[in-house]
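This briefing is intended for reading alongside the sequence and the coordinates. It is arranged by topic.

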Amino acid sequence: MEMNNATTAFAALSQPIRLNAFRLLIQAGPDGLAAGEIGESLGVLPNTLSANLSVLLNAGLVRNERQGRSIRY
């Protein structure tokens, strides 16, 4: 991992909501979780979760996939 990528990843994980979401997704395994499931588990409002998941996406730490009307991470 390049220094710039590592710095971006650590910065993304430096916020508690993002770190907890990342840990939850790691525990969920390759099938991941729907955004609503993540928010419900963490007790986070949808708009707050969306912003935090975007940071994780931009850092390359998670992927998303649309499934019908929901997005799985």
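Contact here means that heavy atoms lie within 4.5 Å of each other. On that basis, the cover over the buried residues of helix 2 includes helix 1 (3–12), helix 3 and helix 4 (46–58). The model is predicted, and the protein chain has an average pLDDT of 95, with 99% of the residues scoring at least 70.

**Confidence by element**
- Among the elements of the protein chain, helix 2 has the highest mean pLDDT, at 98.
- The lowest mean pLDDT among these elements, 91, belongs to helix 1.

**Helix 2: length and faces**
- Helix 2 covers residues 16–28, and its 13 residues at 1.5 Å a residue should span 18 Å; the C-alpha atoms at its ends are 18 Å apart, in agreement with that expectation.
- The buried residues of helix 2 are Arg18, Ala21, Phe22, Leu24 and Leu25.
- Viewed down the axis of helix 2, these buried residues fall within an arc of 160°, and they therefore line one face of the helix.
- Pro16, Ile26 and Gln27 are exposed and sit on the face of helix 2 that is turned away from the buried side.

**Helix 2: the two ends**
- At the N-terminal end, Gln15 acts as a cap for helix 2, with a side-chain oxygen 2.6 Å from the backbone nitrogen of Ile17.
- Gly29, just after helix 2, adopts a positive phi of about 85°.

**Asn52 and its contacts**
- Asn52 is part of helix 4.
- Its relative accessibility is 9%, so Asn52 counts as buried, the limit being under 20%.
- Leaving aside residues up to four places away in sequence, Asn52 touches Gln15, Ile17 and Arg18.
- Of these partners, Gln15 and Ile17 also form the capping pair at the N-terminal end of helix 2, and Arg18 is one of the buried residues of that helix.

**The salt bridge**
- The count of salt bridges comes to one, where the criterion is a side-chain nitrogen of Lys or Arg within 4 Å of a carboxyl oxygen of Asp or Glu.
- The partners are Arg72 and Glu37, whose closest N and O atoms are 3.7 Å apart.
- Because Arg72 lies in strand 2 (residues 70–72) and Glu37 in helix 3 (residues 35–42), the pair ties together parts that are 35 residues apart in sequence.
- Arg72 counts as partly exposed, at 22% relative accessibility.
- Glu37 likewise counts as partly exposed, at 38% relative accessibility.

Technical notes:
Residues are numbered from 1 along each chain as its sequence is written. This is a predicted model: local features need pLDDT of at least 70, side-chain atom pairs count only at pLDDT 80 or more; totals for chains, interfaces and linings use all residues. Side-chain values use heavy atoms; hydrogens and water are left out. Helices (H or I, at least four residues) and strands (E, at least two) are DSSP runs, numbered from the N terminus. Buried means under 20% relative accessible area, exposed over 50%, partly exposed in between (1.4 Å probe, protein chains only). The expected span of a helix is 1.5 Å times one less than its number of residues. The arc is that of the directions from the helix axis to the C-beta atoms. A polar contact is a pair of N or O atoms within 3.5 Å; within protein, one must be able to donate a hydrogen and the other to accept it, and residues adjacent in sequence count only if both atoms are side-chain atoms. pLDDT is the predictor's confidence in each residue, from 0 to 100.
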